[in-house]
Amino acid sequence: MDFRKVGVRMANIQAAGRLVPCRGILFDKDGTLLDFMALWGSWAETLTGFVERELETLGAAGLFNKTAALGLRLDEANRVSGYDRTGPVAMGTEEEVTALLAGPLYAAGVPWNDAVSRVREFNAAALAQLKRRREARPLPGLREFLDACRETGLALAVVTSDTTAEALEHLEWMGLRERFGSVVGRDRALRGKPDPDMALLACRELGISPAEAVVIGDSNADMQMGKRAGAGLTVGLAAAEDGAPPGTAYLRDADVIVSGYRELSVR
């Protein structure tokens, strides 16, 4: 749907006691629309496993620490069980994560260009497994919230540090692609989060001004992006992980913080 041609209705979003008029909502994807660990936990486990085995072959296993390098949390069996919401896996681009994983290989004596190439090969294999599993799972209450947004005529967009193609694919897996009038990945803007470029592009494509937009995300980079774009409201989503809330201090630039979509309403 071309919202610029048909116009977008004004509605109100209620969050944490605040009622704010808006014409559109910009959503982050990972950890905001979909369960981060359900999709990316197995990818991180596979990718870091490749790097660990490569370093073992090089006799340099001690050079890589998944927690220090990527902000991954590990269980007693050294398997990925969670992630730091202020870390590179939560907010970094594929290129940034590639560089972080290539670092230990370089330290083990692999030339930098070869280290980067190996990590890219590892990532391609990990992503292939991800595509086979299709483990994208919407967060609780998301579908109902999107239904309410559609009933009120709000324009919706996705703004993500993933590529646009990956974002579209994940939305298709969840059956949500048609809900969004704009999908903006890092490849469609000069600068990624926390800069405002992607949010500004999404607003242009929805036919709304940034001041008429609400940004919902699970990282402070999302909140900073919204602030720099001039969004009318930034909503930090601190969804529980494994039944335990993550705390909210990392969402310092959020106007309001909620623990899930059932704490949001539109009318």
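Two strands pair if DSSP finds at least two bridges between them. Strands (E, at least two residues) and helices (H or I, at least four) are DSSP runs, numbered from the N terminus. The model is predicted: local features need pLDDT of at least 70, side-chain atom pairs count only at pLDDT 80 or more, and totals for chains, interfaces and linings use all residues. Residues are numbered from 1 along each chain as its sequence is written, and side-chain values use heavy atoms, with hydrogens and water left out.

**Exercise 1.** Determine in which sense strand 1 and strand 11 pair, and place them in their sheet.

*Solution.* Step 1: strand 1 (residues 11-15) pairs with strand 11 over three bridges, in the antiparallel sense. Step 2: within this pair, glutamine 14 stands opposite serine 265 of strand 11. Step 3: the sheet is open, has three strands in the order 2-1-11, and its pairing is antiparallel. Step 4: strand 2 (18-22) and strand 11 (264-266) are the edge strands, each pairing on one side only.

**Exercise 2.** Establish whether leucine 130 is buried or exposed, and list its contacts.

*Solution.* Step 1: leucine 130 belongs to helix 6 (residues 112-133). Step 2: its relative accessible area is 3%. Buried means under 20%, exposed over 50%, and partly exposed in between (1.4 Å probe, protein chains only); leucine 130 is therefore buried. Step 3: contact means heavy atoms within 4.5 Å. Leaving aside neighbours within four places in sequence, leucine 130 is in contact with Leu39, Trp40, Ser42, Trp43 and Trp173. Step 4: the C-alpha atoms of leucine 130 and threonine 46 are separated by 9.5 Å, although these residues are 84 residues apart along the chain.
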